[in-house]
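The following note sets out, point by point, what may be read from the structure shown here. Please keep the structure in view while reading each paragraph.

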Amino acid sequence: MSLTIHQFPCLQDNYAFLCKDTLTGKVACIDSPDAQAILAEASKIGWGIDYIFNTHWHPDHAGGNATIVAATGAKIIGPEEVRKISEIDQVVVPGDMVALGATSFNVIDVGGHTLGHVAFHAPDAGVAFVGDALFPLGCGRIFEGTAEQMWNGLQRLAQLPPDTEIYAAHEYARGNAGFAMSIDASAATRARAQLLLKMVDNGVPTVPCLLKDELATNPFLRAPFLKPEYGPARAVEAFAAVRSAKDNFKG
């Protein structure tokens with residue numbers, strides 16, 4: 001793989017990602033949740049920062065942009081909505097391709113959490129950075145978009161190769177696992193939820209995860225099958241019902 005990924009925790013439950021194209025040495029940070037932590041980590045491993053790839057505009061994803069740019073001269077690449085919080089050098093829209101040295105990333109529409117939320121998929125490296133769209137056994141809250149918009153975005157991710165590594169931006173596995181077991185009695189989902197809980201208890205990151213595991217066990221991707229009153233023909237309504245149940249889950 002021509003992409004080296006350095007992952008580390010920051011803030012309360014965020015993950016930060018530094019990505020280096022090994023052929024050219026170019027480095028991008030995916031989002032900027034904690035500028036000082038990112039700069040310190042980059043310095044510790046001896047990497048510069050050439051780009052910031054923003055998935056969406058929320059402060060725990062773009063709030064460190066200005067500080068990182070001031071320290072490194074990095075160029076900011078992301079959806080137009082990032083202008084709510086930061087200057088931006090290159091606006092991307094779904095269907096675009098952006099390059100990190102010799103590594104190409106496809107820009108995917110995963111709106112719903114925010115209207116302009118995007119994911120960055122590097123097909124040759126087999127990785128996708130999905131921000132707050134998809135998590136192990138979970139998905140993002142719908143803050144700005146609609147259930148239909150978010151469902152459609154998740155379906156775009158679902159069409160990626162099954163062995164794609166999904167890099168989500170938060171460690172949310174404990175809450176997601178509890179909810180998954182409450183709504184899905186399948187042996188596969190229960191076994192995976194228990195595995196993720198064990199990982200969290202042992203301080204092991206549950207990110208990245210494999211897309212094929214999400215397709216098999218994530219209740220949000222399985223919503224049409226978990227809500228027989230809607231079924232596949234009314235997938236958006238099934239997804240909305242599962243998302244509403246998670247929003248009100250107290251476990």
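1. Fourteen residues, written as 14 in the count, line the largest cavity, and Tyr-15, Phe-17, Ile-30, Asp-31 and Ala-169 lie nearest its centre. Two or more lining residues come from each of the elements β2 (14–21), α2 (59–62), β10 (127–131) and β13 (165–168). By character, the lining consists of nine nonpolar, three polar and two charged residues. These statements, like those that follow, concern a predicted model.

2. The volume of this largest cavity is about 60 Å³. The structure holds one cavity of 30 Å³ or more. Rolling a probe the size of a water molecule over the atoms shows where empty space is left.

3. The largest pocket should be considered separately, and it contains about 230 Å³ of space. Its lining is made up of 14 residues, and those closest to the centre are Phe-135, Cys-139, Gly-140, Arg-141 and Tyr-172. What is the division of this lining into nonpolar, polar and charged residues? Four are nonpolar, five are polar and five are charged.

4. The largest nonpolar core has 48 residues, and the members that touch the most others are Phe-53, Phe-105, Leu-157 and Phe-239. Helix α4 (residues 147–158) gives the most to this core, with five residues. A second, separate core has 19 residues, among them Val-27, Cys-29, Ala-42 and Ala-62.

5. Leu-157 merits a closer look. Leaving aside residues up to four places away in sequence, Leu-157 touches Ile-108, Val-110, Ala-119, Val-130, Ala-133, Leu-134 and Leu-211.

6. The next topic is a sheet. Six strands form an open sheet in the order β7-β8-β9-β10-β13-β14, and their pairing is mixed. Which strands stand at the edges? They are β7 and β14 (209–210); each has a single partner strand, so one side of each is left without a neighbour in the sheet.

7. At the β7 edge, the pairing can be followed residue by residue. Strand β7 (residues 97–100) and strand β8 (residues 103–109) run antiparallel and are joined by four bridges. Met-97 has Asn-106 in β8 as its bridge partner. Asn-106 also stands opposite His-121 in β9. Between β8 and β9 (residues 118–122) there are four bridges, and these strands run antiparallel.

8. The hairpin of β7 and β8 has two residues between the strands, and Gly-101 in this hairpin takes a positive phi near 60 degrees.

9. Strand β7 has two faces that should be distinguished: Val-98 and Leu-100 form the covered face, whereas Met-97 and Ala-99 form the uncovered one. In a regular strand the side chains alternate between the two faces of the sheet.

10. A final point concerns Asp-184, which is found in the loop between α5 (173–183) and α6 (187–201). Is Asp-184 buried or exposed? Asp-184 counts as buried because its relative accessibility is 3%, and the limit for that class is under 20%. Not counting residues up to four places away in sequence, Asp-184 touches Thr-189, Thr-217, Arg-222 and Leu-226. By contrast, Gln-90 is 42 Å from Asp-184, C-alpha to C-alpha, and the two residues are 94 apart in sequence.

Technical notes: Residues are numbered from 1 along each chain as its sequence is written. This is a predicted model: local features need pLDDT of at least 70, side-chain atom pairs count only at pLDDT 80 or more; totals for chains, interfaces and linings use all residues. Side-chain values use heavy atoms; hydrogens and water are left out. A nonpolar core is a set of buried Ala, Val, Leu, Ile, Met, Phe, Trp, Tyr and Cys residues joined through side-chain atoms within 4.5 Å. Buried means under 20% relative accessible area, exposed over 50%, partly exposed in between (1.4 Å probe, protein chains only). Contact means heavy atoms within 4.5 Å. On a 1 Å grid over the protein atoms alone, a cavity is a set of points where a 1.4 Å probe fits but cannot get out, and a pocket is an open set with protein on both sides within 12 Å along at least five of seven lines; lining residues have an atom within 4 Å of a point. Grid points are joined across faces, edges and corners, and a volume is the space filled by probe spheres set on the points. Ala, Val, Leu, Ile, Met, Phe, Trp, Tyr, Cys and Pro count as nonpolar, Asp, Glu, Lys and Arg as charged, and the others, Gly among them, as polar. Two strands pair if DSSP finds at least two bridges between them.
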